[in-house]
Amino acid sequence: MLPSLLLSLREGLEAALIVGIVIALLNKLNQRHLKISVWIGVATAVVASVLVGLGLNLLGLEFEGRAEEIFEGLATLFAAAVLTWMIIWMQKQGKHLKQRLESETVQALDTGRRALFTLAFIAVFREGLELALFLLATSFVSNGTLTLIGALIGLVAAVVLGWLLFSSTRRLSLRGFFQVTNILLILFAAGLVAYGVHELNEAGWIPSVIEHVWDINGFLNEKSQFGLILKALVGYNGNPSLTEVIAYLGYLGGILTYVLTRQQT
């Protein structure tokens with residue numbers, strides 16, 4: 001539940017801030033009558049995101065056996081790739097997000113309501129599409145019901161937090177929040193990479209090389225309650241293959257080095 005809560009909180013807050021920035025600028029420019037176009041774009045994007053999420057889950061149910069392992073492995077690795085891109089993008093562009101959105105909103109005002117609708121739709125749908133993909137991957141390593149509950153709690157928290165921050169968007173820096181969540185999401189993404197490789201090991205697409213580098217299930221079983229929590233959070237596996245360990249450590253070392261180096265520059 002915690003990974004889905006964190007993911008939905010992060011994505012939901014980004015979407016809330018984007019909408020808040022656009023609405024605040026319209027208020028500032030005395031164009032309040034155009035806010036309806038923004039809210040219609042937001043509502044349409046939410047509905048489209050839910051439909052995509054349902055479609056992805058229904059697609060996953062169509063597969064069985066080896067095909068299911070391949071689907072879960074590829075979907076999980078793709079989710080990890082998108083999550084990595086999101087982390088890197090926010091690392092590079094986060095501090096300029098407000099200025100860029102305000103510039104795009106001003107340009108949209110010259111075109112009319114349709115441009116504002118499109119701006120809001122694309123901004124929110126991108127976050128919703130990413131979240132739908134992440135939740136699909138999370139459901140592979142966690143209980144589906146708990147994943148959904150965590151996502152709903154995270155989205156509600158994001159809406160409440162976004163509303164509380166709305167009036168102070170121009171003064172408040174969220175850099176600390178995104179830095180902390182970046183580290184947590186990196187750990188989660190590393191777990192997705194390991195799980196994806198594990199599934200492709202099972203399907204025979206990626207060789208294990210060594211089937212079990214170690215086996216500590218006798219000490220901490222991956223199917224125990226605590227083991228399942230660790231599996232959902234950081235991709236814990238009590239008896240991983242060599243390629244799974246290499247993938248996990250390689251990803252974790254590479255992305256952490258990049259993020260920490262960028263923070264120092």
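A search of the whole structure, which is a predicted model, turns up 4 aromatic pairs. One of them joins Phe-71 and Phe-140, with ring centres 6.2 Å apart and planes at 75°, so this pair is edge-to-face. Beyond the rings, there are two separate nonpolar cores to look at and a contact between helices H1 and H2.

**Aromatic pairs**

- Phe-71 belongs to helix H3 and Phe-140 to helix H5, so their pairing ties together parts that lie 69 residues apart in sequence.
- Buried or exposed, which applies to Phe-71 and Phe-140? Both of these residues are buried.
- Ring pairs also bring in Phe-63, which is linked with Phe-71 and Phe-140 into a cluster.
- Phe-117 and Phe-121 make a stacked pair, at 6.1 Å centre to centre and with 15° between the planes.
- Why are Phe-117 and Phe-121 separated by about one helical turn? The reason is that they sit 4 residues apart in helix H5.
- Phe-117 has a relative accessibility of 26% and so counts as partly exposed; Phe-121, at 22%, also counts as partly exposed.

**Nonpolar cores**

- The largest nonpolar core holds 29 residues, and Leu-7, Leu-83, Phe-134 and Leu-185 have the most contacts inside it.
- Five elements are listed as giving two or more residues to this core: helix H1 (2-28), helix H3 (65-93), helix H5 (113-141), helix H7 (175-203) and helix H9 (242-264).
- Which helix supplies the largest share of this core? That is H7, with 9 residues.
- Leaving aside residues up to four places away in sequence, Leu-185 touches Leu-6, Leu-7, Arg-10, Leu-83, Met-86 and Ile-87.
- A second core, separate from the one above, has 14 residues, including Val-19, Val-22, Leu-26 and Ala-108.
- As general background, nonpolar side chains in soluble globular proteins tend to be buried together.

**Helix H1 against helix H2**

- The axes of H1 and helix H2 (residues 35-61) come within 10 Å and cross at roughly 170°, which means that H1 is roughly antiparallel to H2.
- On the H1 side, the contact is made by Val-19, Val-22, Ile-23, Leu-26 and Asn-27; on the H2 side, by Lys-35, Val-38, Trp-39 and Val-42.
- Sorted by class, the contact between H1 and H2 has 7 nonpolar, 1 polar and 1 charged residues.
- Val-19, Val-22 and Leu-26 of H1 take part in this contact, and these residues also appear in the second core.

Methods: Residues numbered from 1 in each chain as written. Predicted model: local features only at pLDDT ≥ 70, side-chain atom pairs only at ≥ 80, totals over all residues. Heavy atoms only, no water. Core = buried A, V, L, I, M, F, W, Y, C linked by side-chain atoms within 4.5 Å. Buried < 20%, exposed > 50% of the residue type's maximum accessible area, 1.4 Å probe, protein only. Contact = heavy atoms within 4.5 Å. Phe/Tyr/Trp six-rings, centres within 6.5 Å; stacked < 30°, edge-to-face > 60°. Axes fitted to C-alpha atoms, helices over the stretch in contact; angles between N-to-C directions. Parallel < 35°, antiparallel > 145°, perpendicular 65-115°, else oblique. Nonpolar A, V, L, I, M, F, W, Y, C, P; charged D, E, K, R; others polar.
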